[in-house]
Amino acid sequence: MYKKKLMLVLALMLVIALLASCGGATGAGKLKVGMVTDAGTIDDKSFNQGTWEGVVKAGKDYKLETQYLKPTGTTQADYTKEMGNLYDSGYRMIVCPGFKFETAVFEAQDKYKDAKFVLIDGSPNNGKFDDTRVAKVGTNTVAIFFAEHESGFLAGVAAAVQLKEGDVGFIGGMEIPAVQKFNWGFQQGVNYANANYATKITIKAENVIYQGTFSEMAAGQQLAAQMYDKGVKAIFAAAGGVGVGVINEAKTRAGAGKEAWVVGVDVDQYSQGIYTGDKSIILTSAMKQLGQAAISMVKAELDGKFPGGQTLTFNAANDGVGIPASNPNLSSDAQAKAKEVLAKMKKGDIKVSDVQGSLIK
Amino acid sequence: MWTTIAQIMPYAVAYTIPLLIVALGGLYSERSGVVNIGLEGLMVVGSFCSALTISLLYPIWPHASVWMGLLAAIAGGALFSMLHAFASITLQANQVISGTAINMLAGSVTVFFSRTLTGSGNIQIVSGLGRDDIPLLKSIPVLGKLFFTQTYATTWLVLGILLAASYVLYKTPFGLRLRACGEHPHAADAAGISIFRIRYIAVAVSGAFSGLGGAIILVTYSGEFSGTVSGLGFLALAALIFGQWKPLGILGATFFFGFATTVSNVSQAIPALSIIPGVILKTFPYVVTLLALILFSKSSQAPRAAGEPFEHGKR
């Protein structure tokens, strides 16, 4: 009898302890910041990694718990599942880097009202492109866009001034807005340099290509090889894993003493392009301050000023995009010209178009 | 047309070579009677071993590091394939399941070790192999331009291995025993051949070749280990069947895949090819394989004992 009572008391204590611990996890504790990765891995040296480094830095600066989850696929269901997992383990701020998260965030923002969502490179919508399309940035969501065209423009000017004459090309990943804007901006930058700095750089239509994925390294290498064989001097690769193949091909050629340059993307890819000693085939990089975007959103949330419901644009004017401050492969002239253009862009004297117009693809 | 082919050929060959060596590994394993669908995983292991070795050795030994990496991949692949051999030969487990386990294990284990050892799931190598023209041979009309310009050293290594491997398979006692193990293991056993020993060696060879294949991808066209070889191991397996388990057959089959894939990859950059819709070019090799497999299914010459665990008592 005594034993039975003891058991009951013990069981009750266990239940209470369990409830108490649950309360602790969901209670008003510190903010926990989670991230769900897009296609590719966390160490892709590009989109995922750039964002994640920002999240980690914010976590360190403000002493917050951070965690990322990698979905098993790239469908909406995969993303939704991992967002749910983060939410269930108490993460109330979820960073989603990538255009492909649009529909998943659209659903999640209503389902998890007390969580904050940061969607980079996209705006939540229901994925329809007809009359039934609904797009809504929830009050707990902020959509962040980058002015990729301005970044591409600066890289185009710098590359053109550096190379002076010859062909350049572009290899993109999927034909999605962020990649297209890089392409269009790059072309405008090259044209601007041709018109204002007396360079003679050409971009042929056949050398502007969207490979169609962000993962096929072999295709990237083979496409780059074809372009370089045709005399292209530099390729702007905005293509994730496909870009890895492009960089590798350029390294092989540079190692054999031939001229082959790559313009990097998203982050400063200089160190990725090193082929011997400290020489790199990365001419310059068209950067997006992904990490900075993540950090500023965490800070805003902690200060109670989370810009929910808004669509923010990081552009040249607020230093959200640009090229690396220094790059050994650029002459001082090219760097000065790029700076000049950046200053004009900030003042509004140069307007970069983010639509195709008469540009290639 | 001619310039287009000449333009594509060096890269098509470069793409074919890893497929060829992996399919050759699969050939050894299957001809001895062990189905090995773990080729994909073994390639990943090879790619990882070589990437790690090269990145560690590069600072002290820049020139030899690539070759040390290839050796490490051969050793790593052979060692890892012992798991498959132990499960499917000694323990007589289902060979397909064991191979699947190898595939799943390899992708995770390598990324795990890569993270713990280097801090990143992707390992980049600073420099891989360069491409060279072969003196004299490159000036042969037609062929010189197609096959002797812009070649990697590994291409010639693999073709050498192909010759040696088919010599061993068809002209030596060991080769005869190996084929006997795959066709009628009990007859071979009665003749005094150790089935276990032969099969272990064959699986080790398939592991070593697959590892080498994964490493060749790394040092030639990818330059980065990322925990996957994007299905090339399975493509090699398809080439093995398409090539009817014969060395020359798989040379033809892998070259077909290599050429067709390269054409579809670069079609966008070549105006003459970009008029053909990309979808057709991309699916072409697979559609042809499907058709070929259907056509050959009647006369298919798979090793008769492939896939069956060997038991002494069973007749």
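The exercises below work through a predicted model with a chain A and a chain B.

Residues are numbered from 1 along each chain as its sequence is written, and chains are lettered from A and ligands numbered from 1 in the order in which they are written. In this predicted model, local features need pLDDT of at least 70 and side-chain atom pairs count only at pLDDT 80 or more, while totals for chains, interfaces and linings use all residues.

**Exercise 1. Confidence**

State the scores of the model and the average pLDDT of chain B.

Solution. Step 1: the model has ipTM 0.90 and pTM 0.87. Step 2: pLDDT is the predictor's confidence in each residue, from 0 to 100. Step 3: chain B averages 92, and 100% of the residues score at least 70.

**Exercise 2. Helix 5 of chain A**

Compare the expected span of helix 5 of chain A with the distance between its end C-alpha atoms, and say how covered the helix is.

Solution. Step 1: helices (H or I, at least four residues) and strands (E, at least two) are DSSP runs, numbered from the N terminus. Step 2: the expected span of a helix is 1.5 Å times one less than its number of residues. Step 3: helix 5 covers residues 148–163 of chain A, so its 16 residues should span 22 Å, and the end C-alpha atoms, 22 Å apart, agree with this. Step 4: a residue is buried if 20 or more other C-beta atoms lie within 10 Å of its own, exposed if 12 or fewer, and partly exposed in between, with C-beta atoms placed from the backbone. Step 5: in helix 5 of chain A, 16 of 16 residues are buried. Step 6: K164(A) follows the helix and has a positive phi, near 70°.

**Exercise 3. Helix 3 of chain B**

Where does helix 3 of chain B bend?

Solution. Step 1: the helix runs over residues 65–90, which is 26 residues. Step 2: from first C-alpha to last it reaches 36 Å, close to the expected 38 Å. Step 3: the bend at a residue is the angle between axes fitted to the seven residues ending there and the seven starting there. Step 4: helix 3 of chain B bends by about 30° at H84(B). Step 5: just after this helix, Q92(B) takes a positive phi of about 55°.

**Exercise 4. Two loop residues of chain B**

Are Q150(B) and S230(B) buried or partly exposed?

Solution. Step 1: Q150(B) lies in the loop between helix 5 (143–147) and helix 6 (153–171) of chain B. Step 2: Q150(B) counts as buried because it has 21 C-beta neighbours inside 10 Å. Step 3: S230(B) lies between strand 2 (224–225) and helix 10 (232–242) of chain B, again in a loop. Step 4: 17 other C-beta atoms lie within 10 Å of S230(B), so this residue is partly exposed. Step 5: most residues other than glycine have a negative phi. Step 6: Q150(B) is not a glycine, yet its phi is positive, about 55°; S230(B) is not a glycine either, and its phi is positive at about 45°.

**Exercise 5. The contact between the chains**

How many residues does each chain bring to the contact?

Solution. Step 1: two residues are in contact if their C-beta atoms, placed from the backbone, lie within 7 Å. Step 2: chain B brings 24 residues and chain A brings 27. Step 3: on the side of chain B that touches chain A, helix 1 (2–31), helix 9 (195–222) and helix 11 (247–266) of chain B each supply at least two residues.
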